[in-house]
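Dear colleague,

I am passing on the structure below, and I would be grateful if you could look through it with the notes that follow. They deal with the open and enclosed spaces, and then with a few helices and residues.

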Amino acid sequence: MIDGNKVLFSGMQATGNLTLGNYLGALKNWVTLSDEYQCFYSVVDLHSITVRQDPAELRKRARNLLTLYIAAGLDPEKNCIYYQSHVSGHAELAWILNCFTYMGELNRMTQYKDKAAKHADNINAGLFTYPVLMAADILLYQADVVPVGKDQMQHLEITRDIAQRFNAIYGDVFTIPEPYIGKSGASIKSLQNPDKKMSKSDENPNGSIYLMDDEDTIMRKFKRAVTDSEGCVRYNEEQAGIHNLIDIYCACTGKMPQEVEHEFDGRGYGDFKTAVGEAVVSILKPLQARFEELSKDKGYIDGIIKANAEKAGYYASKTLRKVQKKVGFPEKIR
Ligand code: TYM
């Protein structure tokens, strides 16, 4: 609790170009929830270096991501929007939690297995302990709720396990966080292969809608989206491509799948794909315009970066001091 409010924490990596999956699965819900909670939204740049990055590019992407959080509608005066690397407590708590996490648990993480397969020449220890850093992010702010897409559920579960283990030894130190998964949009799939999630690192750019794609590109990608030969807009698992398009449409319009089936009853896939494309454009266009406008205001963004790093640091150090004391580190002499 901070000032009587429950706490929300979430973050995104500044690697690759953000996709519609990131927006519908996470960012959109962050905005909806931001009134109800005391929120911390981090650009998790420490996580990014588990895969090799070009330094200048990483810095640029991190700033763009932070700007995008604000462009999406998060008020930086109310929500703490900051770079993870500006608060050293993340790394410090991660070390301590490493000592309360088992190799076997980390070995089971599917994201680790996927990434290790993709980057076989660089299976570093950071990639392996990535979920512990994520647990540290969340527990450092005593978060009650963590809005994420479905692909992050396993990481949320291990966070809860680590927190419960620590609490069982030292008393009530950490709040046990609950995941928040949105009703629609929690698992957006590739437009070219609806069995795979829409991902920043997809080699086929037609599979993903990037948040900065222009209108023509968005409409073209939806026109090319893989469907099936059934020819009817029905929300069932067998029609994976259409299922995904309905999910996207629902997440953008707030409609329910049954309403969408009804709306497109007797109409072809062409009509439906156009409608989905238009719904996405109507969300992304204002977001892009706001992003462009904010990007020009260097002083404003710099001010937010400075103020929010201090604010995040303040809350992080409160938890960290408590944890350091519990595990037996000597107090600093001031
Ligand atoms: P990242 O950067 O891969 O993704 C950011 C958020 O977007 C969601 N997401 C999706 N949702 C629906 N459909 C998709 N296709 C899709 N792709 C991505 C993710 O679930 C996520 O919510 N490890 C995290 C970042 C992180 C974090 C944290 C998150 C670090 N520390 C603490 C929450 C709390 C990650 O790599 O997300």
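On a 1 Å grid over the protein atoms alone, a pocket is an open set of points with protein on both sides within 12 Å along at least five of seven lines, a cavity is a set of points where a 1.4 Å probe fits but cannot get out, and lining residues have an atom within 4 Å of a point. Grid points are joined across faces, edges and corners, and a volume is the space filled by probe spheres set on the points. The model is a predicted one, in which local features need pLDDT of at least 70 and side-chain atom pairs count only at pLDDT 80 or more, while totals for chains, interfaces and linings use all residues. Residues are numbered from 1 along each chain as its sequence is written, and side-chain values use heavy atoms, with hydrogens and water left out.

By that rule the second largest pocket has a volume of about 410 Å³. It is lined by 21 residues, of which K183, S184, Y235, H243 and D247 are the closest to its centre. Helix 10 (residues 240-253) provides the largest share of this lining, with 5 residues, where helices (H or I, at least four residues) and strands (E, at least two) are DSSP runs numbered from the N terminus. The lining of the second largest pocket divides into 8 nonpolar, 7 polar and 6 charged residues, with Ala, Val, Leu, Ile, Met, Phe, Trp, Tyr, Cys and Pro counted as nonpolar, Asp, Glu, Lys and Arg as charged, and the others, Gly among them, as polar.

The largest pocket holds about 1300 Å³ of space. Its lining is made up of 50 residues, and Q111, D151, Q152, K197 and K200 are the closest to its centre. Among the elements that give two or more residues to this lining are strand 1 (7-12), helix 1 (20-33), helix 6 (110-118) and helix 7 (125-140). By class, 14 residues of the lining of the largest pocket are nonpolar, 24 polar and 12 charged.

As for enclosed space, the count comes to 1 cavity of 30 Å³ or more, and the largest cavity has about 50 Å³. Its lining consists of Q111, Y112, K115, L127, Y130, P131 and H155, and helix 6 and helix 7 each supply at least two of these residues.

Turning to helix 1, its 14 residues reach 19 Å from the first C-alpha to the last, close to the 20 Å expected at 1.5 Å a residue, the expected span being 1.5 Å times one less than the number of residues. A kink of about 30° is centred on A26, where the bend at a residue is the angle between axes fitted to the seven residues ending there and the seven starting there. Because 11 of its 14 residues are buried, helix 1 is largely enclosed by the rest of the structure; buried means under 20% relative accessible area (1.4 Å probe, protein chains only). One residue of this helix is N29, which is buried at a relative accessible area of 8% and, leaving aside its neighbours within four places in sequence, is in contact (heavy atoms within 4.5 Å) with L24, Y180 and G182.

Finally, I305 lies in helix 13 (residues 298-327) and counts as buried at 10% relative accessibility. Leaving aside its neighbours within four places in sequence, I305 is in contact with R63, L66, Y83 and H86.

With best wishes

Methods:
Buried < 20%, exposed > 50% of the residue type's maximum accessible area, 1.4 Å probe, protein only.
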